[in-house]
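Me: I would like to get to know this model one question at a time. Please begin with its surface and the ground rules.

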Amino acid sequence: MRSLMLVAPLLLMSGCNLFRSGLIDKTCEDLPLGCGGIIDTQPTDDTGDSDPWVPENPYTTGMALAVASDGEIQLRVIDAQGQQIQGASLDSSEVSAAGPVAYDPIQPRVMLWDNGGQTLFVVADGAQPVRVTVDTSEAAELGWVNDAVVVDSVLYLVSATAIWSFLPGDSAIHKLGSAVGLTQIQGVFPAYDDNLFLLNWGSDDAPDLYRYTISTAENRLSYEAFDDSLGRVAAGFQGPAAKPHVCSGVGGLYLVEDLQGGDHAPAAFPSQADLQALVGADLLAEVTDCGWDDGAERYLVHSAVHGVVAVDTWGRVDALVLPEPGEQFVRASFFVVPEPDAR
């Protein structure tokens, strides 16, 4: 099991509204066996091998965390080996509604959007936080940001119907454009060169996935109403084979094209027995961010309540970073450190 990130115990915060959850409640259809009963995340094994092979490949993905604790928002960057490589603390009086967090491993710098103050905090390695706001010439407030992602050192942020960018060397955030036809952009994640995927919660309570071309500021519908509800669609991410996936508020992982075809079986679902042993709960809660680690061949799941875990396709759970008493893991994001010749 990957070693846990150890931090000093901190006192429990109280009376502080640090972020607003955009997630929906748990629904029965999200569970592999529906409503009621014990979840069996192990598929039937007709070979007689009761201990399926699990790849032991090393992790290749790091993470950025925004953690609320003791009157502070702590920003932590943790590498693929589980070691903290960068950190910063912001007083909670400065951050009234902490939103998405992202890390640029090339610069390097960690960034946190504050929905309350409409401010982006940018912290370069070893430097003090810098505040960045929207370009005054935009004559528009960015609004509530649901998600953000770094691609080639550019930070992309999404509000309900628009996408914004913050480039290295810039002193302000700029609006790329409005996303025509979208009513509630819930997530943004890489598609391929010059393109991003936008996860949309449609007005019909069914999710859509759009492809947004950065250079032309155009969006095209890739998957329309790919599920019959929002119960399995808390966040989107690029999964195995670089295909679009979504995760639910309790940690179920799903391939979008399967859901589009009516197959609601998860690609992976955290084992209840493993979760009980690791975090003392049958299900994860308040999942906000998910990812995929190619090296370890495991899904990465962030829970604001239980921390960050990895899940393989058999449902086996590996604890990556768990909160200390008094901590709340507000948001997370995942990154791969580029090869030296790519820097």
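Reply: Accessible areas here come from the Shrake-Rupley method with a 1.4 Å probe, and for residues only the protein chains shown count as cover. This is a predicted model, in which local features need pLDDT of at least 70 and side-chain atom pairs count only at pLDDT 80 or more, while totals for chains, interfaces and linings use all residues. Residues are numbered from 1 along each chain as its sequence is written, and side-chain values use heavy atoms, with hydrogens and water left out. Carbon and sulfur atoms supply 49% of the area exposed by the protein chain, and that area is about 14600 Å².

Me: How many helices and strands does the protein chain have?

Reply: Helices (H or I, at least four residues) and strands (E, at least two) are taken as DSSP runs and numbered from the N terminus. Counted that way, the protein chain has two helices and 23 strands.

Me: What percentage of the residues of the protein chain count as buried?

Reply: A residue is buried under 20% relative accessible area, exposed over 50% and partly exposed in between, using a 1.4 Å probe and protein chains only. The protein chain has 343 residues, and the buried share is 55%.

Me: What share of the contacts between residues at least 6 apart in sequence joins residues at least 24 apart?

Reply: Contact means heavy atoms within 4.5 Å. Taking the contacts in the protein chain between residues at least 6 apart, the share that joins residues at least 24 apart is 51%.

Me: Which residues touch the most other members of the largest nonpolar core?

Reply: A nonpolar core is a set of buried Ala, Val, Leu, Ile, Met, Phe, Trp, Tyr and Cys residues joined through side-chain atoms within 4.5 Å. The largest one has 18 residues, and those touching the most other members are Ile73, Leu75, Val110 and Leu112.

Me: Which strands each supply at least two residues of this core, and which residues does Leu75 touch?

Reply: At least two core residues each come from β1 (61–69), β2 (72–78), β3 (84–91), β4 (98–104), β5 (109–114), β6 (119–124) and β23 (328–336). Leaving out residues up to four places away in sequence, Leu75 touches Leu65, Ala66, Gln86, Gly87, Ala88, Leu90, Val101, Val110, Leu112 and Val123.

Me: What order do the strands take in the open sheet of four strands?

Reply: Two strands pair if DSSP finds at least two bridges between them. The edge strands, β19 (287–293) and β22 (317–321), each pair on one side only. With antiparallel pairing throughout, the order is β19-β20-β21-β22.

Me: Which residue of β21 is the bridge partner of His302, and which residue stands opposite Asp318 in β22?

Reply: Strand β20 (residues 298–303) and strand β21 (residues 307–311) run antiparallel, joined by five bridges, and His302 has Val308 as its partner in β21. Four bridges then join β21 to β22, also antiparallel. Opposite Asp318 in β22 stands Ala310.

Me: Why is β22 described as largely enclosed, and which residue in its hairpin with β21 takes a positive phi?

Reply: Five of the five residues of β22 are buried, so the rest of the structure largely encloses this strand. The hairpin of β21 and β22 has five residues between the strands, and a positive phi near 95 degrees is taken by Gly315.

Me: Which residues of β14 are buried on each face?

Reply: Strand β14 (residues 207–213) has seven of its seven residues buried. One side holds Pro207, Leu209, Arg211 and Thr213, and the other holds Asp208, Tyr210 and Tyr212.

Me: Which residues stand opposite Arg211 and Thr213 of β14?

Reply: Strand β13 (residues 195–201) runs antiparallel to β14 over seven bridges, and Phe197 stands opposite Arg211. On the β15 (residues 218–223) pairing, also antiparallel, there are five bridges. There, the partner of Thr213 is Glu218.

Me: Which cysteines form the disulfide, and why is it right-handed?

Reply: A disulfide is a pair of cysteine sulfur atoms within 2.5 Å, and Cys247 and Cys290 meet this rule with S to S 2.2 Å. Cys247 lies in strand β17 (residues 244–247) and Cys290 in strand β19, so the pair ties together parts 43 residues apart in sequence. Both Cys247 and Cys290 are buried. The disulfide between Cys247 and Cys290 is right-handed because the torsion about its S-S bond is about 95 degrees.

Me: Is Gly261 buried or exposed?

Reply: Gly261 sits in the loop between α1 (256–260) and α2 (272–279). Its C-alpha atom is separated by 7.7 Å from that of Phe226, 35 residues apart along the chain. With 67% relative accessibility, Gly261 counts as exposed.
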